Amino acid sequence: MRTRLLSGNEAVALGAWEAGVAVGCGYPGTPSTEILEALSRRPEVYTEWSVNEKVALEVGVGASLAGGRALVTMKHVGVNVAADPLFTASYLGVRAGLVVVTADDPEMHSSQNEQDNRHYAIAAKLPMLEPSDSQEAREFTRLAFELSEAYDTPVFLRMTTRTSHSKSLVAPVPPGAPQPTEQPLARGFVRNPGKYVMIPGNARRRRRIVEDRMAALAEAAENHPANRIELTAEAGRASVGIITSGIPYSYVKEVAPEAAVLKLGLVHPLPRRMIEQFAASVETLYVVEELDPVIETQLRAWGIDCLGKDAFPAIGEFTPAIVAAGLGGTPAHPTKQAGFPVPARRPGLCAGCPHDHVFAELRRKQMIVAGDIGCYSLGVLPPYDAMDTLLDMGASLTMAQGMDVVAPPEQRGRIAAVIGDSTFAHSGITGLLNAVWNGRDGLYIVLDNGTTAMTGMQPNPMSGERLGRSDAPSVDYELLARAFGLPAANFGMVDAYDTAAISEAIDTLADRPGVRLLVVMGLCLIESTKLKKLDKLAGKKAARRQLLALHPIGASHE
Amino acid sequence: MNEPVFNVLMVGVGGQGIVLASDILAEAAALAGHDVKKSEIHGMSRRGGPVFSHVRFGPRVHSAVIDQGRADVILALEPMELLRWAPWAAPEAAACYLATPILPVGVDEYPDDLDAEIARLFDRLVRVELASIRRSVPMKVRNTALLGAASVFVPLGMDSFAEALRALSPRGTYEANQAAFDVGRGLATRQVEELAHVE
């Protein structure tokens with residue numbers, strides 16, 4: 001047994017497994033994806049990719065009420081999708097521990113916005129733990145389950161891109177199956193409608209309990225093992241004191257090893273007395289936090305003077321140099337610089353991506369393209385320049401509908417929505433239903449590459465596999481279109497490599513009235529390599545060819 | 001004060017497979033008894049974009065990220081990427097790079113004096129030409145050869161690298177990886193000796 005190098009995400013999975021987690025679910029999203037992938041390698045745990053984050057959280061709440069610990073993972077914007085169950089799950093509480101991982105993305109390395117999900121802990125009245133490295137990620141996951149059961153509440157674990165994707169040493173893992181210290185709960189649902197059925201009368205009673213719970217948690221925060229004060233060697237009043245948490249803590253220790261530090265592991269609710277005493281013991285107090293001034297705002301509300309966003313940026317990811325500069329130091333300066341500008345290297349669709357033809361075609365036809373999340377968002381970049389909007393998961397179909405309502409006639413026929421298969425299943429199908437129901441006109445194009453490619457090849461409800469790559473039913477686009485009432489002539493499937501067919505299909509469908517669904521089938525090249533290694537490629541290709549043969553554009557259903 | 005930490009920055013282009021090479025380096029440092037942190041960004045899968053991995057080791061490592069002006073060694077799998085990340089190098093930094101350019105999408109011409117510019121910036125330098133390893137090193141373990149070449153600048157023992165290679169090489173590839181590492185190490189050793197001779 002020795003220490004191991006684990007990523008923060010692998011460490012969360014390890015901590016959950018050690019806590020005896022029964023269910024792990026979520027939706028893939030950078031930087032959270034590897035947590036469930038690591039957990040799925042533990043046969044003791046039921047794991048699934050859920051259809052979307054809302055579904056995942058609801059599965060997790062159900063598992064908790066039935067007596068099994070549940071871990072639910074998602075990226076920061078995924079919490080927006082799961083926000084509806086989240087706020088009321090706070091009122092229901094838990095039976096077995098329920099931990100929700102939010103993986104935030106300061107700097108927007110792989111995201112459409114930079115929201116700081118600590119606000120969700122405050123708004124939904126839930127405790128939140130935030131680790132600084134992999135060992136803490138493992139320990140805090142376990143602490144989160146204990147906190148969840150002790151205070152009858154779902155608990156947030158906040159990761160960031162840097163904690164999720166950095167590797168650091170983790171203490172040895174004892175051999176054998178995990179041994180949770182607590183007595184495991186008896187499995188099985190126990191009726192308790194006053195707690196689990198949130199009609200207004202019950203919700204009003206639970207509302208009070210939620211406030212009492214947060215007050216008790218605030219008291220517990222004063223002595224919680226995740227919060228600690230690191231005093232300097234110097235006697236008496238320290239000149240500089242720093243309150244920090246998460247990855248910025250590691251930068252503080254790097255650039256200001258002499259400073260007194262209050263390290264917060266439990267970032268909501270905050271330990272007021274601990275903070276007041278610490279503030280009183282230092283001459284200058286800094287709050288070093290990435291993104292929004294969440295801790296700083298609370299300190300100011302308590303009348304504690306500090307330097308926060310006056311000294312450190314509110315936008316983007318910190319670096320040790322940024323923290324050093326904020327603390328008044330002088331960071332190292334670069335001494336080596338190329339004597340000419342280094343050309344930018346933009347990401348783009350992979351060379352040979354089957355779906356690059358579609359974008360070339362949409363560009364050539366001067367379409368107005370409502371885009372969606374995933375690899376296909378790269379269609380906005382040169383050489384394609386073939387995407388005009390990108391908002392959130394599933395917004396392509398629905399934004400196209402809104403545009404179509406008010407666009408002048410010369411634009412209406414040129415509006416198209418483009419969405420990937422995983423995103424279509426996540427929240428595109430509801431948009432399709434909306435268009436059909438409301439009698440809208442629209443051309444909706446699903447680019448089916450047989451996987452969730454951008455996040456690293458996760459199966460999805462359209463791909464015929466589930467997490468762990470066991471076989472699963474895949475939704476038949478044609479039957480879906482029929483069930484939604486699309487005329488046969490308004491549905492088609494084409495081969496992504498058949499440029500002429502794509503061009504013809506877009507022309508044909510663009511002129512037809514009503515809702516039109518075009519599925520462009522082209523297996524992701526990276527996924528193909530993986531399928532080949534698993535000896536599944538030939539079968540998959542044959543099945544997809546068969547589907548294509550069945551659905552020429554404009555054919556009759558019969 | 002914090003005790004000194006050794007910083008290695010590994011850079012390349014999306015799809016070059018930098019992660020395994022940096023994992024091997026980090027593992028070797030851990031096996032040698034150091035505290036280690038490693039940081040990289042995946043997702044967007046960096047398709048075709050620049051990729052990087054920070055590896056830091058020493059008695060106690062706090063930050064997983066290397067600041068500008070602090071890298072002791074830069075290992076680059078592409079010459080322009082070495083120039084892109086040059087501001088991260090410490091004044092006395094060494095560099096090791098694969099001299100084959102990969103043109104970014106939409107850029108038709110590369111400056112033709114990349115090697116000269118790199119030589120101007122780095123005194124301690126190993127330049128690996130693809131032709132010099134193409135025959136002796138299979139494509140799949142090329143990055144391990146580059147790691148072997150860079151290892152001449154890294155204060156870790158060969159036994160630690162060998163143990164890390166044994167632990168992390170995909171099944172059945174340890175021998176090939178070790179052989180590639182040794183080819184790179186040998187090539188770099190000769191270059192460094194020649195350089196010393198010239199001086």
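In this predicted model, a good place to start is Leu146(B), which touches Ala21(B), Leu75(B), Leu77(B), Cys96(B), Leu98(B), Val128(B) and Gly184(B), leaving aside residues up to four places away in sequence. Leu146(B) also belongs to the largest nonpolar core, a set of 170 residues. Along with Val101(A), Ile74(B), Ala95(B) and Cys96(B), Leu146(B) is listed among the residues with the most contacts inside that core. Within chain B, the element that gives the most to this core is helix H1, residues 18-31, with nine residues. Another core lies apart from it and holds 55 residues, including Cys350(A), Met367(A), Leu432(A) and Leu518(A). Such gatherings fit a broader tendency: in soluble globular proteins, nonpolar side chains tend to be buried together.

Turning to chain B as a whole, seven helices and six strands are found. Followed along the sequence, they come in the order β-α-β-β-β-α-β-α-β-α-α-α-α. The radius of gyration of chain B is 16 Å, close to the 16 Å that the globule rule gives for 199 residues, so chain B is as compact as a globular protein of that length. Its C-alpha trace spans about 45 × 45 × 40 Å along the principal axes.

Burial and contacts complete the picture of this chain. Of the 199 residues in chain B, 55% are buried. When contacts in chain B between residues at least 6 apart in sequence are considered, 70% join residues at least 24 apart.

Terms used. Residues are numbered from 1 along each chain as its sequence is written. Chains are lettered from A and ligands numbered from 1 in the order in which they are written. This is a predicted model: local features need pLDDT of at least 70, side-chain atom pairs count only at pLDDT 80 or more; totals for chains, interfaces and linings use all residues. Helices (H or I, at least four residues) and strands (E, at least two) are DSSP runs, numbered from the N terminus. The radius of gyration is taken over C-alpha atoms; the globule rule is 2.2 Å times the number of residues to the power 0.38. A residue is buried if 20 or more other C-beta atoms lie within 10 Å of its own, exposed if 12 or fewer, and partly exposed in between; C-beta atoms are placed from the backbone. Two residues are in contact if their C-beta atoms, placed from the backbone, lie within 7 Å. A nonpolar core is a set of buried Ala, Val, Leu, Ile, Met, Phe, Trp, Tyr and Cys residues joined through C-beta atoms within 7 Å.
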